[in-house]
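Q: I'm new to this one, so could you walk me through the empty spaces and the ligand site?

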Amino acid sequence: MFSIFGKSGPSLLERLRESVSKTRSQLAAKVEELFTGERRIDPALLAKLENALLAADLGVRTTREILASVREKVERNALSDAAQLKNELKNQLVALLHTEVLTANGAGEATPRVIFVVGVNGVGKTTTIGKLANRLREEGRSVILCAADTFRAAASEQLDIWAERSGAMLIKQKPGADPAAVVYDALAAAKARATDAVIVDTAGRLHTKSNLMAELDKMKRTAAKLVPGAPHDVLLVMDATTGQNGLQQAREFTSVVGVTGIVLTKLDGTAKGGIVVAIVRELGLPIRFVGVGEKIEDLVPFDPETFVNSLFD
Ligand SMILES: Nc1nc2c(ncn2[C@@H]2O[C@H](COP(=O)(O)OP(=O)(O)O)[C@@H](O)[C@H]2O)c(=O)[nH]1
Ligand SMILES: [Mg+2]
């Protein structure tokens, strides 16, 4: 099994906690008084709670559903004071975030494990690949990075830097090459060398959306021909700072490329960390990792309990 996808230790949980500090202080400023003491739950308190959740970018639908359920519990006296309200809110959020992985494809033992990384330009794909490669290398895995973003020359140069930093091997072709051909080369090399993992960087230009999606499809088919069941993971990278706008772009990808999980980057740079809930809710996909900075170690496995506790405590 690849333990990088598994549970993480206390220091990483602490880093996840740090990454939502902006969201936490914004939420706290709005809801602290709501949750303290034995304040009774009244309509004014609920209205404040609603505003705070919306401001944190939980999304209209989720906020409405949470509020409706809270109101219903208040009416039948199942909830009365603020402390209970806080617990109820946490439980609901944790439950919402526990989305099971949709594509169970037995990837645990596949060699090489083939990981596609997709998403629009600038969200942090290449950086995330470097961080992922580094985690795998720290586990003692051999890694090939595949420069299948052949659209810009700078893309493979950037990936090359991450390959060097993480101790991974880079497979690339000339700018403008067919991305599927680079995938072919990378997987052939991985098979020949019994490499543990191949991480594929992809182009993210949206203005040629239908081409992009056709290209991704071809890359997937090529991968499957060389390695049964590949790609085992298709990670969609999303930028937390784009908020709800990112969701529409994400849907374009999920509808075409069969995304298996989300990496949410730049969580360190936003006070709207509630987008985590909106993403899981709207896309029905698990968040696998969050990006908490620009450095190689700034990638943390996502954990619902830690995330929710970090938001409120
Ligand atoms: N603060 C912060 N910046 C990030 C994170 N991930 C990526 N970035 C920055 O986002 C910018 C775009 O990243 P890049 O990997 O080139 O995106 P790509 O176009 O999707 O490949 C770079 O300046 C990265 O340093 C993160 O988790 N936190
Ligand atoms: Mg890139």
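Q: Which elements each supply at least two residues of the lining of the largest cavity?
A: This is a predicted model, and in it β5 (233-239) and α10 (245-257) each give at least two residues to that lining.

Q: Which residues line the largest cavity, then?
A: The lining is made of G119, V120, V123, L236, V237, M238, D239, T242, G246, Q249, A250 and F253. By class, the lining of the largest cavity holds 7 nonpolar, 4 polar and 1 charged, and the space inside comes to about 80 Å³.

Q: How many cavities of 30 Å³ or more are there in the whole structure?
A: The search finds 2 cavities of that kind. The second largest cavity has a volume of about 50 Å³, and its lining consists of A147, D149, T150, R152, A153, S156, K172, Q173, K174 and P175.

Q: And how do the residues of that second lining divide by class?
A: For the second largest cavity the split is 3 nonpolar, 3 polar and 4 charged.

Q: Switching topic, where does ligand 1 sit?
A: Ligand 1 takes up the second largest pocket, whose volume is about 340 Å³. That pocket is lined by 23 residues, and those nearest its centre are G122, V123, G124, K125 and T127. The elements giving two or more residues to this lining are α6 and β4 (197-202), with α6 giving the most, 5 residues.

Q: What's the mix of classes in that pocket lining?
A: The lining of the second largest pocket divides into 3 nonpolar, 12 polar and 8 charged residues.

Q: How many residues surround the ligand itself, and which are closest?
A: Ligand 1 is surrounded by 17 residues, the closest being G122, K125, T127, D268 and E294. Helix α6 (residues 125-138) contributes the largest share of this shell, 4 residues, and by class the shell has 3 nonpolar, 9 polar and 5 charged residues.

Q: What polar atoms of the protein does the ligand meet, say at D268?
A: An N or O atom in the side chain of D268 lies 2.8 Å from a nitrogen atom of ligand 1. At G122 the partner is a backbone N or O atom, 2.7 Å from an oxygen atom of the ligand, while a polar backbone atom of G291 is 3.3 Å from an oxygen atom of ligand 1.

Q: So how much of ligand 1 does the protein bury?
A: Taken alone, ligand 1 exposes 580 Å², and the protein buries 79% of that area.

Key
Residues are numbered from 1 along each chain as its sequence is written. Chains are lettered from A and ligands numbered from 1 in the order in which they are written. This is a predicted model: local features need pLDDT of at least 70, side-chain atom pairs count only at pLDDT 80 or more; totals for chains, interfaces and linings use all residues. Side-chain values use heavy atoms; hydrogens and water are left out. A residue is near a molecule or strand if one of its heavy atoms lies within 4 Å of it. A polar contact is a pair of N or O atoms within 3.5 Å; within protein, one must be able to donate a hydrogen and the other to accept it, and residues adjacent in sequence count only if both atoms are side-chain atoms. Accessible areas come from the Shrake-Rupley method with a 1.4 Å probe; for residues, only the protein chains shown count as cover. On a 1 Å grid over the protein atoms alone, a cavity is a set of points where a 1.4 Å probe fits but cannot get out, and a pocket is an open set with protein on both sides within 12 Å along at least five of seven lines; lining residues have an atom within 4 Å of a point. A molecule sits in a cavity or pocket if more than half of its atoms lie within 2 Å of its grid points. Ala, Val, Leu, Ile, Met, Phe, Trp, Tyr, Cys and Pro count as nonpolar, Asp, Glu, Lys and Arg as charged, and the others, Gly among them, as polar. Grid points are joined across faces, edges and corners, and a volume is the space filled by probe spheres set on the points.
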